Amino acid sequence: MSQNNPADSPTDPSAASQNNSEEVKTPKTLLEPRTERSLAEWVTFTIAALILSTLIGLIIYDWQANQNRPPAFQVEVTESARITDGRYYVPFSVRNTGGRIARTVQVTAELLLSDGESESGEQQIDFLSGNERKSGSFVFAHNPQEGELLIRVASYGLP
Amino acid sequence: MSEHQETLSSTSASDLTPSAGATYGWGQELQDLLRGSAGSFLFGIPLLYTVEVWSIGSSASGPMLLAILGVTFVMVWLLTQTEGFRRTLSLRPAEALMESVEALSLGMVCAAIALIILRRINLDTPFTETLGKLVFEGVPFSLGVALARSTLSQPRQRDRRHVNSSRRFAAPDLFNLQDTLIDLDATLIGAIIIAFSIAPTEEVRLLSASLPPLWLLIVMAASLFSSYIIVFASGFGDRTERQQRGLLLSPVTETLMAYIVALAASVMMLIFFQQLSPSDPWQEWVGDAIVLTFPATIGGAAGRILI
């Protein structure tokens, strides 16, 4: 049965995790300093060291590549407007072509109609890091084809 | 990680028949790594469900990330000197350093897997953002690796009582049923301890909304897999005893049962915190519940070992 043997407990905290019959012997070897690591442990260490040095290398590379490139934006209307329930949905996407991250990127859209009226929309994007693209839609009551549509990034903040 | 998963079944089978020669072999090493991963997920999951960490990570600069890696390494190294994830109790200084490198690296790998599972990193994520999220989320995951041995070891003093004499005379199924209920109870407690602080947050909705429909299956699979690893493959707790009292349930069945308990607990918690209401579409119920069940299952698995 798997009842615990209280006699061996004080000398042997490692057996707390398991108390198989095998475990009665192993604690001594666990307590002694080992002469060498096993092959499996060396393989693990090698892979681990490789992963870490790759990570550090990538961080340094990315920092060198992007630290001097302030945010810049490219806004485009990705596809033609769709009409649902008499509203015009104009999808857009904004891409940070710079290297550094921008916060609170404000995208504004203004629709200047031929009869002098205008409609406007605004969208704020919380985070836009270097090379990231985010999408959304502006919603108008009038057909954007009948007027002049201006979509631009009006402002952004730095973290 | 894939090689670990392939050899998983053979290891768990061979561990049941003790062989002294394989103490420091590949099986032992795999078990050590799985133990580290289990501790890593247990410790790191709560911070994974924190939107601020993602954004802080996204906007951190290169030198900052390197500094964080360095500080984490020192913390892991200090922890490794007393805790660590291997079962060896005596280390030379160089070995402590090497184990720290392994722990930090394992933590980063686990954090990457978790971030991919929850779609915080995908193919569209910009490189800088990926690195930032990975390093920041990697901190708790690495500390979890370094704490694995002590977090999930069963304290000897807290062993439960057993009434052994009557077991052989009574119907075995009744006792197994009782033990199974104790297990499920422990699952429930563990699930609530870990997931209760996550359930009322915005992140559950945010994550489930950003997952593509079929991706929920991957989250479910990850929950089941990590639950199985924590309880059965990483050598925590007393498996011999578990084998004896868990005869009614095979490891796979027990893992599935525990998942269902965690799922039910998650739904109850989401209702309790009014994150789900009858007016919400059923897709949201399913998505939110599965996303919250991921930490709940991990908590439940830890509960079954510790309680």
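What percentage of the 159 residues in chain A is buried? In this predicted model, the buried residues of chain A come to 36%. Buried here means under 20% relative accessible area, so keep that cut-off in mind as you look around. Turn to the outside of chain A, and you have an accessible surface of about 9,400 Å². Carbon and sulfur atoms hold 51% of that surface.

Now for the fold. Chain A has two helices and seven strands, and the order is easy to follow: α-α-β-β-β-β-β-β-β along the sequence. In other words, both helices come before the run of strands. As for how the chain meets itself, take the contacts in chain A with a separation of 6 or more: 65% of them are between residues 24 or more positions apart.

Next, have a look at the largest pocket, which has a volume of about 700 Å³. Its lining counts 27 residues, and those nearest the centre are E132(A), K134(A), R120(B), E129(B) and K133(B). Both chains show up again when you go by element: chain A brings β5 (118-128) and β6 (133-140), while chain B brings α3 (51-59), α6 (127-146) and α9 (203-210), each giving two or more residues to the lining. The largest share belongs to α3(B), with five residues.

What sort of residues line this pocket, by class? There are 11 charged residues in the lining, along with eight nonpolar and eight polar ones. Charged residues also sit at the middle of things, with E132(A) and K134(A) from one chain and R120(B), E129(B) and K133(B) from the other among the lining residues nearest the pocket centre.

Methods
Residues numbered from 1 in each chain as written. Chains lettered and ligands numbered in written order. Predicted model: local features only at pLDDT ≥ 70, side-chain atom pairs only at ≥ 80, totals over all residues. Heavy atoms only, no water. Helix = DSSP H or I, 4+ residues; strand = E, 2+ residues; numbered from the N terminus. Buried < 20%, exposed > 50% of the residue type's maximum accessible area, 1.4 Å probe, protein only. Contact = heavy atoms within 4.5 Å. Areas by Shrake-Rupley, 256 points an atom, 1.4 Å probe, with all protein chains shown as cover. 1 Å grid on protein atoms, 1.4 Å probe; cavity = no way out; pocket = protein on both sides within 12 Å on 5 of 7 lines; lining within 4 Å. Points joined across faces, edges and corners; volume = space filled by probe spheres on them.
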